[in-house]
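Let's take a friendly walk through this structure, from its metal sites to its interior.

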Amino acid sequence: MEQRFAWSSILNGTEVRMELHPEWNRGSSGSTMRVWIFFVLCLAGKALAAPQQDALPEEEEVIEDVVTEETAVGANPVQVEVGEFDEAIDEEEEDPTTQENPCLNHHCKHGKVCEVDENNTPMCVCQDPSTCPASVGEFEKVCATDNKTYDSSCHFFATKCTLEGTKKGHKLHLDYIGPCKFIPPCVDSELNEFPLRMRDWLKNVLVSLYERDDDNNLLNEKQKIRVKKIHENEKRLQAGDHTMELLARDFEKNYNMYVFPVHWQFGQLDQHPIDGYLSHTELSPLRAPLIPMEHCTTRFFDECDIDDDKYIALDEWAKCFGIKEQDIDQNMIV
Ligand SMILES: [Ca+2]
Ligand SMILES: [Ca+2]
């Protein structure tokens with residue numbers, strides 16, 4: 001019998017178990033947990049992020065830049081909380097009451113730090129990678145698209161900053177969490193299984209959020225109304241260890257239950273700007289923790305981008321998850 005694993009996490013004191021995939025659980029339990037936390041945050045957004053704040057990078061306030069899409073970052077609660085994926089532009093938000101230290105309320109993007117010039121004016125300059133805190137474990141390392149392992153996302157963004165304005169720097173992205181490693185090619189049959197698991201998982205995450213919502217506002221009222229229907233449906237496949245056959249059959253039989261979760265996830269990621277397209281940066285909170293555990297991630301999202309414009313539009317996204325053309329609805333992102 002095929003051995004399967006489940007990821008666990010204690011969130012708000014409640015254990016949530018989400019079956020993913022046998023190979024999605026390698027490495028130490030610490031890093032698995034860390035990755036899991038990242039992943040859940042990506043999916044759950046700011047509401048869930050709050051209880052996990054102490055385990056996450058310092059919150060950073062960011063303002064979006066609509067011109068340079070590649071580096072644009074906005075106030076997406078997901079990315080603000082997760083932090084590590086931001087490739088933001090210079091942020092300048094000053095409080096005139098801050099007399100003592102002009103840098104106090106002067107925010108810089110990842111990879112930059114604030115310094116004052118001779119006129120005591122704060123400015124963002126590239127951070128010296130050697131000033132980044134030393135990484136304490138493998139889980140802090142990141143692999144970039146140049147296939148180099150960086151000690152931490154701080155080291156990565158500091159290095160990227162020094163390449164600013166160059167073609168190399170423009171192309172350099174954080175690819176995934178953890179040291180670079182061999183990622184086996186994803187074959188067609190494996191690629192076909194990916195959306196099955198992902199869809200089921202998204203549905204289960206939403207139902208869990210709904211069940212634990214109470215006064216936590218994990219979901220907004222419109223989202224709750226949608227999830228309520230899924231939650232109350234007696235034919236719902238409970239979270240657990242299911243074969244691909246069962247997942248496929250359930251998708252066919254209970255297709256309607258999967259439509260909203262797919263839209264919801266898109267809305268969680270499409271934040272800066274909210275324009276109906278996911279950039280590399282916007283997709284990062286979902287991609288980066290997933291790649292080391294699921295070798296089809298890169299191929300899956302690459303192929304989602306049907307017109308190859310480097311953005312995943314809502315219709316491309318929904319089709320990727322098997323949602324029928326007539327059920328793709330911008331208004332479902334609430
Ligand atoms: Ca967007
Ligand atoms: Ca596209």
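The report below covers two calcium sites and then the nonpolar cores of this predicted model.

## Calcium ion (ligand 1)

Where does the calcium ion (ligand 1) find its donors? They come from Asp270 (OD), Pro273 (O), Asp275 (OD), Tyr277 (O) and Glu282, whose OE atoms are listed twice, at 2.2 to 2.5 Å. Along the chain, these donor residues follow the spacing D-x2-P-x1-D-x1-Y-x4-E.

The site is irregular, with angles of 53 to 161° among its six donor atoms. Asp270 counts as buried because its relative accessibility is 4%, under the 20% cut-off. Asp275, with a relative accessible area of 36%, is partly exposed.

## Calcium ion (ligand 2)

The calcium ion (ligand 2) has protein donors from Asp305 (OD), Asp307 (OD), Asp309 (OD), Tyr311 (O) and Glu316, again with OE listed twice, lying 2.2 to 2.6 Å from the ion. Their sequence spacing reads D-x1-D-x1-D-x1-Y-x4-E.

Here too the geometry is irregular: the six donor atoms make angles of 52 to 154°. Asp309 is partly exposed, at 31% relative accessible area.

## The nonpolar cores

In soluble globular proteins, nonpolar side chains tend to be buried together. The largest nonpolar core here has 42 residues, and Trp264, Leu283, Phe300, Phe301 and Trp317 touch the most other members. Helices H6, H7, H9, H10, H11 and H12 each supply at least two of its residues, with H6 (188-211) giving the largest share, ten residues.

Setting aside neighbours within four places in sequence, Trp317 contacts residues including Val262, Phe266, Leu283 and Phe301. Another core, of ten residues, lies apart from the largest one; among its members are Val142, Phe157, Leu172 and Ile177.

Definitions and conventions:
Residues are numbered from 1 along each chain as its sequence is written. Chains are lettered from A and ligands numbered from 1 in the order in which they are written. This is a predicted model: local features need pLDDT of at least 70, side-chain atom pairs count only at pLDDT 80 or more; totals for chains, interfaces and linings use all residues. Side-chain values use heavy atoms; hydrogens and water are left out. Donors are N, O and S atoms within 2.8 Å of the metal (3.2 Å for Na, K and Ca); water is not among the atoms, so sites may look incomplete. Four donors count as tetrahedral if all angles lie between 85 and 135 degrees; four count as square planar and six as octahedral if opposite donors are over 155 degrees apart and all others between 65 and 115; anything else is irregular. Buried means under 20% relative accessible area, exposed over 50%, partly exposed in between (1.4 Å probe, protein chains only). A nonpolar core is a set of buried Ala, Val, Leu, Ile, Met, Phe, Trp, Tyr and Cys residues joined through side-chain atoms within 4.5 Å. Helices (H or I, at least four residues) and strands (E, at least two) are DSSP runs, numbered from the N terminus. Contact means heavy atoms within 4.5 Å.
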